[in-house]
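Work through the exercises below with the sequence and the 3D structure at hand. Try each task before reading its solution.

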Amino acid sequence: MNEPERRLLTVSGVAEATGLSANAVYRAIAAGELRASKLRGRLRVQLADLDAWIDSNVVCARAASSG
């Protein structure tokens, strides 16, 4: 049973990794945008969930209109 290692981040760790404030991370969790687990009363985010959240928010540039 060789499961991949789960890397857990704190809210402050997510904030540091993304350049957001801790409050912005809490808001994303509360809004259901970012998955988190509450372990012994403390929020933790799996690295895979952080990556998925970032990937789901990719902005695509629109072609500039001429004229």
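**Exercise 1: the sides of a helix**

In helix H1 (residues 11–18) of this predicted model, Val11, Val14 and Ala15 are buried. Work out how these three are placed around the axis of H1, and state which exposed residues lie on the face turned away from them.

Solution.
1. An α-helix has 3.6 residues a turn, so residues three or four places apart point the same way.
2. Val11, Val14 and Ala15 cover an arc of only 100° around the axis, which puts them on the same side of H1.
3. The face turned away from this buried side carries the exposed residues Glu16 and Ala17.
4. The cover over the buried residues of H1 includes E1, helix H2 (22–30), E3 and H3.
5. Just after H1, Gly19 has a positive phi of about 80°.

**Exercise 2: the sheet**

Give the strand order of the sheet and find which strands stand at its edges.

Solution.
1. The sheet is open, with 3 strands in the order E1-E3-E2 and antiparallel pairing.
2. E1 (8–9) and E2 (37–39) each have a single partner strand, so they are the edge strands, and one side of each lacks a neighbour in the sheet.
3. Between E1 and E3 (residues 42–46) the antiparallel pairing runs over 2 bridges.
4. Helix H3 (residues 47–55) packs on the sheet and touches E1 and E3, its direction making about 70° with that of E3.

**Exercise 3: one residue of H3**

Is Asp49 buried or exposed, and what does its side chain contact?

Solution.
1. Asp49 lies in helix H3.
2. Its relative accessibility is 17%, and the cut-off for buried is under 20%, so Asp49 counts as buried.
3. The side chain of Asp49 makes a polar contact with that of Arg35, at 3.5 Å.
4. Leaving aside residues up to four places away in sequence, Asp49 touches Leu34 and Arg35.

Notes
Residues are numbered from 1 along each chain as its sequence is written. Side-chain values use heavy atoms; hydrogens and water are left out. Two strands pair if DSSP finds at least two bridges between them. Helices (H or I, at least four residues) and strands (E, at least two) are DSSP runs, numbered from the N terminus. Contact means heavy atoms within 4.5 Å. Axes are lines fitted to C-alpha atoms, for helices over the stretch in contact, and angles run from 0 to 180 degrees between N-to-C directions. Buried means under 20% relative accessible area, exposed over 50%, partly exposed in between (1.4 Å probe, protein chains only). A polar contact is a pair of N or O atoms within 3.5 Å; within protein, one must be able to donate a hydrogen and the other to accept it, and residues adjacent in sequence count only if both atoms are side-chain atoms. The arc is that of the directions from the helix axis to the C-beta atoms.
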